[in-house]
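Please walk through the structure below, starting from one helix and moving out to the domains and the core.

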Amino acid sequence: MKRYSAFAVAKEAFSYHQGWERAWRSPEPKGRYDVVIIGAGGHGLATAYYLAKNHGLTNVAVLEKGWLGGGNTGRNTTIIRSNYLQPPSAAIYDLAHTLYENLSQKLNFNIMFSPRGVLMLAQTEHELRAWKRTAHANRLAGIKSELVDAERVKSLCPIINIDGPRYPVLGGLWQPRGGTARHDAVAWGYARAASDLGVDVIQQCEVTGIDVEGGKVTGAQTSRGAIGCDKLAIVVAGHSGELARMAGFRLPVESVPLQALVSEPIKPCMDIVVMANTVHGYMSQSDKGEMVIGGGSDGYNAFTQRGSFQHVEETVRALCETFPILSRLKMLRQWGGIVDMTGDRSPIIGKTPVEGIFINCGWGTGGFKSIPGSGWAMAATVARGAPDEIAGPFSLDRFAEGRMIDESVAAAVAH
Ligand SMILES: Cc1cc2nc3c(=O)[nH]c(=O)nc-3n(C[C@H](O)[C@H](O)[C@H](O)COP(=O)(O)OP(=O)(O)OC[C@H]3O[C@@H](n4cnc5c(N)ncnc54)[C@H](O)[C@@H]3O)c2cc1C
């Protein structure tokens, strides 16, 4: 694979940029692989990359029913932070955050990581107490986050109205290292690097059945024929329940639509990410100048990738109170994804009741930020056949054993 560099761009300019090779190969599926990963979202692609990079496993296929990154990975609002409450979450989200910080260099692909800082507003006394507890927990976990008062909030984000009539801003939890990255670039960067290491990324290849013999996986039926494998990783976010059903087991996840919208582009007015969990809305400004806005998830199960109109109205109404300048903006686009929610709002990573099948799901509204850490831990789990220390607490059997990892406060709003 040719390296991307300033020198390469200058050199290609002399041949009118006709000499660039394709970023990843488009191979025909082979009859058999050591590992088949279902789902070419960020988590599936990162798993494939770290299987090859960290564990030397390259006879690996990633099967994607649509186009890579076309699921939630290419639809999210790209917020990255690691200030979660429980120690297992802090460990995996901070591993991810740390890997994000030099991922562009590692993958030789500019993922446009922008550590501009993430501010989570406290708009009720209860929320203020919750953030105080989180700030203490973060300090114990070695994660830099701080509780700030309303004046500091105003100085970090001057367009905020801190004296709103219903929900005045009382303070916030500030993670200066938090930020955003370009979502497509994360998928593309992992796909390119994994393909270069020998992984087959196969798009337009839908898995329609999973073959199990004597309690052990033997392969998958796909829209492009049967593919045998020794190990199978299901990494399909909102479709996890469906794939688990094909393999003969059930998951404690619900699939719900989650949506986002963007405004028309305006001049730079906000250089941090702000989340307003009480009113269910959050916002950042894109490099193009659009205000990128996300809201809460729909209150019912569905597989539509658009979300309901009433949520758009609720989110915009709530944000207008905190950001009055929004009231004069036109909204340009709205879209949705299908997120997979667990009862404790933490992911599931690890083995399943079927030998050789591994699952990575349940990231719900907040799994973009975790892609590198999740891929790292999932690859170790698949390669060893047992979870590593990062993945261990997130096993499926925690629901039967009552070992919940309650992140319903940290993950209360879509992000
Ligand atoms: C509107 C919105 C905003 C969000 N904002 C944020 C945010 O700001 N920060 C954050 O951290 N997270 C955010 N998230 C959550 C985040 O996007 C997801 O948790 C994350 O992208 C999940 O990645 P994934 O790789 O597991 O799934 P996906 O990216 O959904 O990939 C799964 C892939 O599996 C494929 N697939 C499904 N079924 C099959 C099949 N039968 N055969 C083959 N392939 C199949 C799908 O086509 C899809 O491409 C947001 C989500 C949404 C929808």
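Which residues in α8 are buried? The model is predicted, and in it the buried residues of α8 are S240, L243, A244 and A247. These residues span an arc of only 100° around the axis, so they sit on the same side of α8. The partners against which the buried residues of α8 pack are strands: β1 (32–38), β9 (207–213), β11 (225–234), β12 (253–265), β16 (331–342) and β18 (357–361). Just after α8 comes G248, with a positive phi of about 95°.

The helix also has a place in the domain arrangement. The domain assignment divides the protein chain into domain 1 (28–82 + 85–108 + 183–252 + 344–401) and domain 2 (118–178 + 255–342). Between the C-alpha centres of domain 1 and domain 2 the distance is 28 Å. Contact between them involves 28 residues of domain 1 and 24 residues of domain 2. On the side of domain 1 that touches domain 2, at least two residues each come from β3 (79–80), α3 (87–101) and α8 (240–247). Of that side, α3 gives the largest share, with four residues. Sorted by class, the side of domain 1 that touches domain 2 consists of 10 nonpolar, 13 polar and five charged residues.

V118 offers a view from a single residue. This valine belongs to strand β4 (residues 118–122). Is V118 buried or exposed? With 28 other C-beta atoms within 10 Å, against a threshold of 20 or more, V118 is buried because its count meets that threshold. Leaving aside neighbours within four places in sequence, V118 is in contact with I79, R81, Q175, G178, G179, I272, V273 and M275. One of these contacts, Q175, is 57 residues from V118 in sequence, yet the two C-alpha atoms are 5.3 Å apart in space.

The nonpolar core comes last. Which residues have the most contacts inside the largest nonpolar core? They are V36, I38 and L45, in a core of 119 residues. Domain 1 and domain 2 both give residues to this core, and therefore it lies between them. For L45, not counting residues up to four places away in sequence, the residues touched are A40, V62, L68, A187, Y190, A191 and A194.

Taken together, the two domains meet through 28 residues of domain 1 and 24 residues of domain 2, with α8 among the elements that supply at least two residues of the domain 1 side, and the largest nonpolar core lies between the two domains.

Definitions and conventions
Residues are numbered from 1 along each chain as its sequence is written. This is a predicted model: local features need pLDDT of at least 70, side-chain atom pairs count only at pLDDT 80 or more; totals for chains, interfaces and linings use all residues. A residue is buried if 20 or more other C-beta atoms lie within 10 Å of its own, exposed if 12 or fewer, and partly exposed in between; C-beta atoms are placed from the backbone. Two residues are in contact if their C-beta atoms, placed from the backbone, lie within 7 Å. Domain bounds come from an automatic or database domain assignment. Ala, Val, Leu, Ile, Met, Phe, Trp, Tyr, Cys and Pro count as nonpolar, Asp, Glu, Lys and Arg as charged, and the others, Gly among them, as polar. The arc is that of the directions from the helix axis to the C-beta atoms. A nonpolar core is a set of buried Ala, Val, Leu, Ile, Met, Phe, Trp, Tyr and Cys residues joined through C-beta atoms within 7 Å.
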